[in-house]
Amino acid sequence: MTKYSVTQSPVTQLLADVKSDKIAIPELQRPFVWDSVKVRDLMDSLYKGYPVGYLITWQSVGAKLKGGQIAAHQQILIDGQQRITALRAAVAGLKVINKRYKTVRIMISFNPITEEFATRTPVIERSPQWISDISEYFNSDSQFTFARKYLERNPDVNQTTFENSLARLGSIRNAQIGIISLDDGLDIETISEIFIRINSKGVPLSSADFAMSKIATYGDRGRNLRKLIDYFCQLAVAPHAYSDIEENDHEFADTPYLKAISWLKNEAVDIYDPEYGDIIRVAGLVGFSRGKASSIVSELSGRDPDTRKVDEERIPVAYDKLESALLQIVNNYHFDNFLMLVKSAGFITQGMINSKNALNFAYALYLRLREDKSISEGERKRIVKRWFVMSMLTGRHSGSFESTWEQDIRRIGELGVANYVKQVEEAELSDAFWAVALPAALETTSTTSPFFQTFLAAQVNNKARGFLSKGITVAAMHQQSGDIHHIVPKDYLQKNGYPDRGDYNQVANFVLAETSINISISNKSPSTYMAEVDTQIKSGVLTLGEITDAVDLARNLVENAVPVKLSTVDASSYKEFLVERRKLMAATIRDYYQAL
């Protein structure tokens, strides 16, 4: 099978194909990221006859064109959007959308005497020797009149030099740009491989990028669904952008979609800030029970997953499913309630969650279970929390997660969610996992480890107090960035046979503690500073923290999974201390999980 064809197209024809929608550029409604210097350099390269790289398009079956008709073979541009947008700005004189979603002009100037291109400035605009905006030349009714007026302003220039330069400038319209057209039958994996081999920078083509491009080809509806995804993700991290979108993107503002995400302008919670790839994955699971972005592309192309044949009648149905899924995802009530579930499991800050895909799948599961009326709200919450924590502990949705996602969704449908969760737990979270695998996983120096962060979540969930604190909780400290300190001080260990970071910075040697307590501990061994705490309990005179009761001290050590024999620990018993604490941390996580 022929995988692609290569053609050459002059700039004017290329721009005409874009204008007529023969070549669709989904990115045109997104902020233009090139600066004017790059636009200038592109014009300079075309002027000098330098190659400017190939554009890559994909033949999309079933794209909706202007007027409502369906294209048999519309070309979707999947690489080269910035170059096309730059040409539209510099040659056609069209406006671009800036980062504030305002339409602005990028004007490129040309000096026909020095043959120099530049971004237009007030100085250049006042200089008669410069053509301050080359699009005025390309779009003039009479280039002869344009040239005559220039010479009238510059009677001393060499006319031959000027005419030769102007002719070369005009030749940009006929400059040939290569187009690699990929066949519509290719799957995303093959297209991505071709993309990587062609792209000199080796930048991979994301399947989510590909899906976003496909979504945008379905006329106004597709374009605005794509914007719904884009804007939701942007507002999740930058709520202030709402006014820019509302004021400058009137097309989107006139749809119900803007109202659907308007709540984000007042949102301050940042535990889950999905990117568009995350939304695509969640939408695939919610709307199509599919984990791969390529599956969404196939659905939106009208391709039957069994026969692989295209049926145009399937296309509007697929967009209905996509829209329904997206509106569930961006719904304020759904989103906030899901985040409350995550926080109620002890994961109260974004830094505690190092697996975005664990969140993605849990959110999709939450939305799907909302549609299952046979499950009570309490059971739904319990299942979602347990699944999320299980995913964090096992890395279930890391790596090549997409096939696992589809398998999980399929098996949930076959067995019922409660039965399937129980089956997964029995396989993944056996006694051996809790007793052997988890303590071994806690043998790490990484405080971002999902195992250590899950331990902290367990402490938050259990309302544990900071190490040797009477009232300050782990949750309170963690929400203020946390104050992680060594149980056996680093300086003490370095001076007593443990100079390596890998020894003293084990997470089993870490606790959240108040800074004042850490200062009081200084570089003392546990046997020394715990003797001070013992004296404090007996005398009632505060010297290290505020605990003055032996029972309360024992409770605090349990809350922090610290061995009760901490007062006997010194450099000689440090290794044994780490082993014992890992077991206690694992036991804390196990008790927490089973209580969810």
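## Surface patch, domains and two unusual backbone angles

Tyr 4, Val 6 and Tyr 54 together make a nonpolar surface patch of about 300 Å². The model is a predicted one. The chain is assigned two domains, with domain 1 covering 4–188 and domain 2 covering 438–595. Lys 463 and Ala 561, treated further down, each have a positive phi without being glycine.

**Patch**
- Val 6, one of the patch residues, belongs to strand E1, which spans residues 4–10.
- Val 6 has a relative accessibility of 45% and therefore counts as partly exposed, since that class lies between the 20% and 50% cut-offs.

**Domains**
- Between the C-alpha centres of domain 1 and domain 2 there is a separation of 63 Å.

**Positive phi angles**
- Most residues other than glycine have a negative phi.
- At Lys 463, phi is positive, at about 55 degrees, although the residue is not a glycine.
- Lys 463 sits in the loop that links helix H23 (450–461) and helix H24 (474–478).
- The relative accessible area of Lys 463 is 65%, so the residue is exposed; the cut-off for this class is over 50%.
- Ala 561 is not a glycine either, and has a positive phi of about 55 degrees.
- The loop that holds Ala 561 runs between helix H29 (550–559) and helix H30 (574–595).
- Ala 561 counts as buried because its relative accessibility is 4%, where buried means under 20%.
- Lys 463 is thus exposed, whereas Ala 561 is buried.

Conventions: Residues are numbered from 1 along each chain as its sequence is written. This is a predicted model: local features need pLDDT of at least 70, side-chain atom pairs count only at pLDDT 80 or more; totals for chains, interfaces and linings use all residues. Side-chain values use heavy atoms; hydrogens and water are left out. Patches are made of residues with over 30% relative accessible area and no salt bridge: like charges are joined within 9 Å, nonpolar side chains (Val, Leu, Ile, Met, Phe, Trp, Tyr) within 5 Å. Accessible areas come from the Shrake-Rupley method with a 1.4 Å probe; for residues, only the protein chains shown count as cover. A salt bridge is a side-chain nitrogen of Lys or Arg within 4 Å of a carboxyl oxygen of Asp or Glu. Helices (H or I, at least four residues) and strands (E, at least two) are DSSP runs, numbered from the N terminus. Buried means under 20% relative accessible area, exposed over 50%, partly exposed in between (1.4 Å probe, protein chains only). Domain bounds come from an automatic or database domain assignment.
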